Amino acid sequence: MEDIFQWCRDGNAMQVRVWLDDTEHDMNLGDDHGFSPLHWSCKEGHMKLVEMLIQRGVRINATNRGDDIPLHLAAAHGHRSIVQLLLQNRADVNFINEHGNTPLHYACFWGYGPICEDLVNAGALVSLANKDGDMPLDKSRGQLSQRLQELAIEAGQDLNKIHFKDQSWLGLKTRSRDATLSRHKGININELSLHTRIATTPSGETWRGRWQKNDIVAKILALRECTTRVQRDFNEEFPKLRIFSHPNILPVVGCCVSPPNLVVISQYMAWGSLYNLLHSGGGAGRGELGGVVVDAGAAVRLACDVAKGMAFLHSLDRDKIVPAYHLNSKHIMIDEDLTARINMADAKFSFQEKGRIYEPAWMAPEALQKPAAKRNWEAADMWSFAVLLWELATREVPFADLSPMECGMKVALEGLRITIGPGIAPHISKLIRICMNENPGKRPTFDMIIPILEKMKR
């Protein structure tokens, strides 16, 4: 694999830019120590690389093996402009690493006064103790200590020691992803350990398992017959689903061709699908935390994530992705940090039951009526997004009382539409109506609605 980490250490912006332009490259992957490209860029002080990675949507608070986020490294190495940029982009100012240290601990220890002030002004706690019981104030000396106390008092902070509390068991920290996830394509089925069947759908069985110490999900495709031609088409099409280069896309990691089975493999997401999150009270595997409350603010953030992912897919050449992808809440997975990610494993391959539609409730009427070659896919996806917005706003399943066949017929031929009731916020109602314009040519693009959703988040 090309050494993206060395390029980031060296500040080679041209090579990094070329590397990022390849959709199969994961900008959030980590090296053997879990250092991501952003970790190295922050440690070495390469401002242009940090700006480039942030513009591409890198994870600001991803951790290395020692639970350092990039802000720890920028603060510890005295890169003030990078610290300020990370803080502007919502870096967690009180994030603790494996030693219980916050970025402020390191800035105080090395005597970087201006950085210390920036951190405290951004909400860093001066009395938060690490595992050894030391506060940032204990690490600072002389005038710096006095200045930080003054800033903390002005900000209303309590100067009494806040004792270290281990919260690692909560599993809330987002690790830089293992590089093996983006390196592999063909995987030997004997290397997989599948232990729990998650779902059975018309398109196949989905299993949870392990592969090379990674939690994975394996989808065994439902096939009438695994012919030589089907295997050939599968090998040609599945690489188009290995899109690692966007934070709101969940890529296919690899595949297994083991007749009579074809298997697509992706990273396991503990919260499950958005559908599960909205309608089942939380993700599988997080019983100790209980369900997630998807309030109005969280709903808008999730919608914005989906819109960004769809805008990215629409920016790609249609030939570079499998076209039969239908947007709905069952195909949106929720990452450990509650980021919504479009699951490429749910794309439909060319050899899978042509003409059969599994989730018509989310589909545009023209998409139910016209053959694939004559559809405006971008406009049809926008209709599906409108139904998703309605689902987020109401917490209801669209047309839950109808069978898929009844629903599809009524939407396509009888004008059945979701009801936008008075309980939905006016700005959301207006956006739903705009996105569901009966004339496909008058629906907005995802690039047009992302700024609207961003404003709603504030």
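How many bridges join strand 6 to strand 10? In this predicted model, strand 6 and strand 10 (residues 340–343) are joined by two bridges, and the two strands run parallel. Within this pairing, leucine 250 lies opposite asparagine 343 of strand 10. The pair belongs to an open sheet of three strands, arranged in the order 6-10-9 with mixed pairing. Strand 6 (249–250) and strand 9 (332–334) are the edge strands, each of them pairing on one side only.

Attention can now turn to the second largest pocket, whose volume is about 900 Å³. Its lining is made up of 37 residues, and those closest to the pocket centre are Thr201, Thr206, Lys330, His331 and Asp346. Four elements give two or more residues to this lining: strand 3 (193–201), strand 5 (214–221), strand 8 (261–267) and helix 13 (274–279). In chemical character, the lining of the second largest pocket divides into 18 nonpolar residues, 13 polar ones and six charged ones.

The cysteines come next, and a reader looking for disulfides will find that the count is zero. For cysteine 256, the closest cysteine sulfur is that of cysteine 255, at 6.6 Å; because a disulfide calls for sulfur atoms within 2.5 Å, this separation is too far for a bond. Cysteine 435 is likewise in no disulfide. The cysteine sulfur nearest to cysteine 435 belongs to cysteine 304 and is 12 Å away. As for accessibility, cysteine 256 has a relative accessible area of 1% and is buried. Cysteine 435, with a relative accessibility of 0%, also counts as buried. Both assignments follow from the cut-off, because a residue is called buried when its relative accessible area is under 20%.

A last local detail concerns serine 176, which sits in the loop connecting helix 10 (142–154) with strand 2 (177–178). Is this serine buried or exposed? Serine 176 has a relative accessibility of 5%, so it counts as buried. Its side chain also has a partner to look for in the structure: the side chain of serine 176 reaches the backbone oxygen of glycine 34 at a distance of 3.1 Å. That distance lies within the 3.5 Å used for a polar contact. Serine 176 thus offers a convenient place to view a loop position together with its contact to glycine 34.

Methods:
Residues are numbered from 1 along each chain as its sequence is written. This is a predicted model: local features need pLDDT of at least 70, side-chain atom pairs count only at pLDDT 80 or more; totals for chains, interfaces and linings use all residues. Side-chain values use heavy atoms; hydrogens and water are left out. On a 1 Å grid over the protein atoms alone, a cavity is a set of points where a 1.4 Å probe fits but cannot get out, and a pocket is an open set with protein on both sides within 12 Å along at least five of seven lines; lining residues have an atom within 4 Å of a point. Grid points are joined across faces, edges and corners, and a volume is the space filled by probe spheres set on the points. Ala, Val, Leu, Ile, Met, Phe, Trp, Tyr, Cys and Pro count as nonpolar, Asp, Glu, Lys and Arg as charged, and the others, Gly among them, as polar. Buried means under 20% relative accessible area, exposed over 50%, partly exposed in between (1.4 Å probe, protein chains only). Two strands pair if DSSP finds at least two bridges between them. A polar contact is a pair of N or O atoms within 3.5 Å; within protein, one must be able to donate a hydrogen and the other to accept it, and residues adjacent in sequence count only if both atoms are side-chain atoms.
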